[in-house]
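Work through the exercises below with the sequence and the model open beside you. Try each task before reading its solution.

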Amino acid sequence: MIKYKSTEEIELVRYSSLLVAKTLAEVARIIRPGITTLELDKTAEAFIRSHDAEPAFKGYRGFPFTLCVSVNAEVVHGMPGKYVLQEGDVVSVDCGVKKNDFYGDSAYTFAVGAIKPEVRQLLDVTKASLYKGIEMAEAGMRIGDIGAAVQEHAEKFGYGVVRELVGHGVGKSLHEDPEVPNYGKKGSGPKLQEGLVIAIEPMINLGKKNVRQGKDGWTIFAADGLPSAHFEHTIAVSKHGKADILTSFKEIEAVLKEQEIIN
Ligand code: MG
Ligand code: MG
């Protein structure tokens, strides 16, 4: 069952969502060759708790960390640990926050130092496909219009669109109805209405779409071992016109730009 949100409830999701954006900006500040993925996690957890909020993933179905950190061929749900990031890696960082009983959810794929041009393109196209999906998220459109837009853009570049994992409703639960696939048929699925709050989150593989689960029971890998990217926004469908993007990449990208100037 889809739970539509009031204006007040959307503001609470926005609060949590902006805290996620700021947490990912803190990650952006420290992500570099030589740092472990566990250090990213610790920084994120401390930042969230310093704002009297809770890391949404920690304890979710037994997941023991604040972030999902997925490196290179890891698609999503990677577990932070001893791995030391290296120049040329791409790192998908997924973060959720709970505050005032409402969740926010966002993900961003970072480049560690210089990356291959073909991988840079994968990141850029995955992010662009997210915005193609968001463009479709208007009242009167359908869930299938979002997925079709994401899929069409990613497949133009020959990329694999992951099927097994999908976006979702967000509210008092981290994962609510409806499911929001990154593929689909225009005009199919539930109709979008004002007050619908969803996370749209394309997971796009440089190679084939197939994935496999790792031995840790969490990490999802691209089956062919090629890099994968993941970008996610939590958005609210408006009464008229464009969706309201509740999370934000502005804070992250301001930090990335600053670092480019320094280096
Ligand atoms: Mg997420
Ligand atoms: Mg999500």
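The exercises cover the metal sites, one helix and two sheets.

This is a predicted model: local features need pLDDT of at least 70, side-chain atom pairs count only at pLDDT 80 or more, and totals for chains, interfaces and linings use all residues. Residues are numbered from 1 along each chain as its sequence is written, chains are lettered from A and ligands numbered from 1 in the order in which they are written, and side-chain values use heavy atoms, with hydrogens and water left out.

**Exercise 1. Find the protein donors of the magnesium ion (ligand 1).**

Step 1. Apply the cut-off. Donors are N, O and S atoms within 2.8 Å of the metal (3.2 Å for Na, K and Ca); water is not among the atoms, so sites may look incomplete.

Step 2. List the atoms. Asp94 (OD), Asp94 (OD), Asp105 (OD) and Glu232 (OE) lie 2.0 to 2.6 Å from the ion.

Step 3. Read the spacing along the chain. It is D-x10-D-x126-E.

Step 4. Place the residues. Strands (E, at least two residues) and helices (H or I, at least four) are DSSP runs, numbered from the N terminus. Asp94 lies in strand β4 (residues 90–99) and Glu232 in the loop between β13 and β14, so the pair ties together parts that are 138 residues apart in sequence.

**Exercise 2. Describe the site of the magnesium ion (ligand 2) and its link to the magnesium ion (ligand 1).**

Step 1. Name the donors of ligand 2. They are Asp105 (OD), His168 (NE2), Glu201 (OE) and Glu232 (OE), at 2.1 to 2.3 Å.

Step 2. Write their spacing. It reads D-x62-H-x32-E-x30-E.

Step 3. Look at two of these donors. His168 sits in strand β7 (residues 167–169) and Glu232 in the loop between β13 (228–230) and β14 (233–236), 64 residues apart.

Step 4. Find the bridge. Asp105 coordinates both ions, which are 3.1 Å apart.

Step 5. Check burial. Buried means under 20% relative accessible area, exposed over 50%, partly exposed in between (1.4 Å probe, protein chains only). His168 is buried at 4%, and Glu232 is buried at 0%. Asp94 is buried too.

**Exercise 3. Is helix α4 largely enclosed or not enclosed by the rest of the structure?**

Step 1. Get its span. α4 (residues 143–156) has 14 residues and reaches 21 Å from first C-alpha to last, close to the expected 20 Å. The expected span is 1.5 Å times one less than the number of residues.

Step 2. Count burial. Eleven of the 14 residues are buried, so α4 is largely enclosed. Among them are Ile143, Val150 and His153.

Step 3. Find the cover. Contact means heavy atoms within 4.5 Å. The cover includes α3 (117–135), β6 (160–161) and β9 (197–200).

Step 4. Look past the end. Gly158 follows α4, and its phi is positive, near 80 degrees.

**Exercise 4. Give the strand orders of two open sheets.**

Step 1. Use the pairing rule. Two strands pair if DSSP finds at least two bridges between them.

Step 2. Take the five-stranded sheet. Its order is β8-β7-β9-β14-β15, and the pairing is antiparallel. The edge strands are β8 and β15 (244–245), each pairing on one side only.

Step 3. Zoom in. β7 and β8 share three bridges. Gly169 has Glu176 in β8 as its bridge partner.

Step 4. Take the three-stranded sheet. Its order is β3-β12-β11, again with antiparallel pairing. The edge strands are β3 (74–76) and β11 (211–213).

Step 5. Zoom in again. β11 and β12 (residues 220–222) pair over three bridges. Gln213 stands opposite Ile220 in β12.
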